[in-house]
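Work through the exercises below with the sequence and the model open side by side, and try each task before reading its solution.

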Amino acid sequence: MARGTGAFVGGFLLGTAVGSVLGLLLAPLSGEETRRRLKRSVATIPGAAEEVAEDAQQRVDRLVQSARSSLDETIARLNEAIEASRPVQTPPSPTADNSGQTVPPTPAVEP
């Protein structure tokens, strides 16, 4: 999990816990009702944390897949550009000079 995502999840969980506790303590309820609600709120925190973690993991997986796909496409385009920029080399014709005129073969000289 990315560092920013972990910090967000931690802050979210802490904020949820603090908000639940403060809301219950400041609400005009009896002590028994407050304790019951507090237990219920605390019981839901692990489930909420799991949902947030799963959602974050799914987002990270999608980002990784998108990055891989983009990288593969970029590599393919770079390879195509490299191949296109290579000059086509044709072997020189033995019967033509630089002017394009046909030149008769040079006879072999024997010593």
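**Exercise 1.** How many helices and how many strands does the protein have?

*Solution.* This is a predicted model, in which local features need pLDDT of at least 70, side-chain atom pairs count only at pLDDT 80 or more, and totals for chains, interfaces and linings use all residues. Residues are numbered from 1 along each chain as its sequence is written, and side-chain values use heavy atoms, with hydrogens and water left out. Taking helices as DSSP runs of H or I with at least four residues, and strands as runs of E with at least two, one finds two helices and zero strands.

**Exercise 2.** What share of the 111 residues counts as buried?

*Solution.* Buried means under 20% relative accessible area, exposed over 50%, and partly exposed in between, with a 1.4 Å probe and protein chains only. By that criterion, 6% of the 111 residues are buried.

**Exercise 3.** Is Leu22 buried or partly exposed, and in which helix is Leu22 found?

*Solution.* First locate Leu22, which belongs to helix α1. Next take its relative accessible area, 46%, which makes Leu22 partly exposed.

**Exercise 4.** Which helix gives the most to the lining of the largest pocket?

*Solution.* A pocket is an open set of points on a 1 Å grid, where a 1.4 Å probe fits, with protein on both sides within 12 Å along at least five of seven lines; lining residues have an atom within 4 Å of a point. Both α1 (3-26) and α2 (31-85) supply at least two lining residues, but α2 gives the most, with six. Ten residues line this pocket, and Thr5, Asp55, Ala56, Arg59 and Val60 lie nearest its centre.
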